[in-house]
Every structure is written in C-alpha cells, then in structure tokens.
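Biologist: Can you walk me through this one? I'd like to start with the pockets.

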Amino acid sequence: MFTAPEQISAATKANFDAQLALFTTLTGKAFEGVEKFIELNLNAAKSSLEESSAATKQLLAAKDPQEFFNLSAAQAQPTAEKVLAYSRHLANIATSTQAEFTHAAEAQIAETNRKVLTLIDEVSKNAPAGSEQFVSLFKTSIDNANASYDHISKTTKQAVEALEANLNNAVSTATKAATPKAAKK
C-alpha cells in the first residue's frame, strides 16, 4: 500500500510526463499547420508567377488598346476566384489545426482529471478519520472546476463555429459579388 506522499509524487511525475507529451503533440501539430501554410504559399507564388508571365505576354501581344483592355478584363474574374480559393484553403488549414489542438488538449485534460480523481480516491482511503469533509470538499472543487472547463470549452467551440460560419458567408458573398462584376467587364 502506498502512502500519500508516494502517491502524490507518482501522480506529479505522471502529470509532468503527460504535459510533456501534450506539449510535444501540440508542437507537432503547429509545425504541420505551418508546413501546410508554407506549401500553400509556395504553390500560390509559383502559380501566380507562371500566370502573370503568361498574362503579360498576352497583354504585350495585344494589337490595339481595345484588345489590351479586353484581355485585362477577362483576367479579373479568374484572379478573384483564385484569391477566394486561396482564402478558403488558408481558412481550412487554420480550422483543421485548431481542431487538432482542441482534440489533443481535451484528451489530455480528460486523462488528467481521471488521474486526479483516482489519486483522490486512493488518498482518501488512507486519510485519517475525520477528514471525510475535507475530501468531499476537494472532490466538489474538482467537479466544479471540470464543469467550468466544460462550459468554457462549449462556449469556445460555439465561438469558433460562429467565426467559421461568418468567414464562409463572407467568402460566399465575395464570390457572388466578384462574379457578376468580372463578367460585366
């Protein structure tokens, strides 16, 4: 049978190991997000360079100002669509990275809570007589903290979902607005 200091020491070590694992996981997810962002930007830059080179050649080959302006107008809509596609892709990278962060953090918090409650149960079995009220108060405090975390987590998820919906609406509105203007030119 363990004594309380040994149990607490073991729990502290396990908690430290779990936090280190969480930090490693979150760092890995952050690097994955940055890699995706860099890849997106490199592809966009390469594509933009190739397309602008081709467009410049077309514009320089125009025989009169009217043809030059017609070619310029014809390129407006595809450019707007590419900017919107880039924005959507960037938003998807940010959203998926955030979701992975949230999932990893929630899993870690749930595991830590389970371990803390197990430790409290084990320590309370060896607690001296008369300390039941203190143990009960401590368990209630843990439960209240967990309820607060759950409430904050749900509120944060709702805010993220609202932000995503607003972003999607803005992109959709911009797409609709860009399409007729580019088509009229």
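Biologist: How do the residues of the lining of the largest pocket divide into nonpolar, polar and charged?

Modeller: Eight are nonpolar, seven are polar and two are charged. Keep in mind that this is a predicted model.

Biologist: How much space lies in that largest pocket?

Modeller: About 470 Å³. The lining has 17 residues, and those closest to the centre are S47, S48, E51, T79 and K82.

Biologist: Which helix gives the most to the lining of the largest pocket?

Modeller: Helix α1, with ten residues. Helix α1 covers residues 4-60. Both α1 and α2 supply at least two residues each to this lining, and α2 spans 65-125.

Biologist: OK, next pocket. How much space lies in the second largest one?

Modeller: About 220 Å³. Here 13 residues form the lining. Closest to the centre are A91, N92, T95, E164 and L167.

Biologist: And which helices each supply at least two residues of that lining?

Modeller: α2 and α3, where α3 is 132-184. The top contributor is α2, with seven residues.

Biologist: What does the lining of the second largest pocket have by class?

Modeller: Six nonpolar, five polar and two charged residues.

Biologist: Switching to charges. How many salt bridges does the structure hold?

Modeller: Four. I'll go through three of the four. In general, side chains of opposite charge can pair when their charged atoms come close.

Biologist: Start with K13. Which residue forms a salt bridge with K13?

Modeller: D17 does, and the closest N and O atoms are 2.9 Å apart. Both residues sit in helix α1. They are four residues apart, so about one helical turn separates them.

Biologist: Is K13 buried or exposed?

Modeller: Exposed, because its relative accessibility is 53% and the cut-off for exposed is over 50%. D17 has 36%, so D17 counts as partly exposed.

Biologist: What about R114? Which side chain does R114 meet in a salt bridge?

Modeller: The side chain of E111, at 2.5 Å from N to O. R114 and E111 both belong to helix α2. The spacing is three residues, about one turn of the helix.

Biologist: How accessible is R114?

Modeller: R114 is at 46%, so R114 counts as partly exposed. E111 is at 30% and is partly exposed too.

Biologist: And the K29 bridge? Which side chain does K29 meet there?

Modeller: That of E100, with 3.9 Å from N to O. The bridge cut-off is within 4 Å, so 3.9 Å counts.

Biologist: Where do E100 and K29 lie?

Modeller: E100 is in helix α2 and K29 is in helix α1. They are 71 residues apart, so this pair links distant parts of the chain. E100 counts as partly exposed at 25% relative accessibility. K29 is partly exposed as well, at 23%.

Biologist: Other long-range contacts next. How far apart are the C-alpha atoms of T112 and A11?

Modeller: 9.5 Å in space, with their positions 101 residues apart in sequence. T112 lies in helix α2. Its relative accessible area is 22%, so T112 is partly exposed.

Biologist: Same thing for S172 and R88. What separates their C-alpha atoms?

Modeller: 10.0 Å, and the two are 84 residues apart along the chain. S172 is in helix α3.

Biologist: Why is S172 partly exposed?

Modeller: Because S172 has a relative accessible area of 28%. Buried would need under 20%, and exposed over 50%.

Biologist: Last topic, the surface. Which residues make the nonpolar surface patch?

Modeller: V34, F37, I38 and L42 make a patch of about 360 Å².

Biologist: Where is I38 placed?

Modeller: In helix α1. I38 has 44% relative accessibility, so I38 counts as partly exposed. That value passes the over 30% cut-off for patch residues.

Biologist: Give me a quick recap of the pockets and the bridges.

Modeller: The largest pocket holds about 470 Å³, and α1 gives the most to its lining. The second largest holds about 220 Å³, and α2 gives the most there. Among the bridges, K13 pairs with D17, R114 with E111, and E100 with K29.

Methods. Residues numbered from 1 in each chain as written. Predicted model: local features only at pLDDT ≥ 70, side-chain atom pairs only at ≥ 80, totals over all residues. Heavy atoms only, no water. Patch = residues over 30% accessible without salt bridge, like charges linked within 9 Å, V, L, I, M, F, W, Y side chains within 5 Å. Areas by Shrake-Rupley, 256 points an atom, 1.4 Å probe, with all protein chains shown as cover. Buried < 20%, exposed > 50% of the residue type's maximum accessible area, 1.4 Å probe, protein only. 1 Å grid on protein atoms, 1.4 Å probe; cavity = no way out; pocket = protein on both sides within 12 Å on 5 of 7 lines; lining within 4 Å. Points joined across faces, edges and corners; volume = space filled by probe spheres on them. Nonpolar A, V, L, I, M, F, W, Y, C, P; charged D, E, K, R; others polar.
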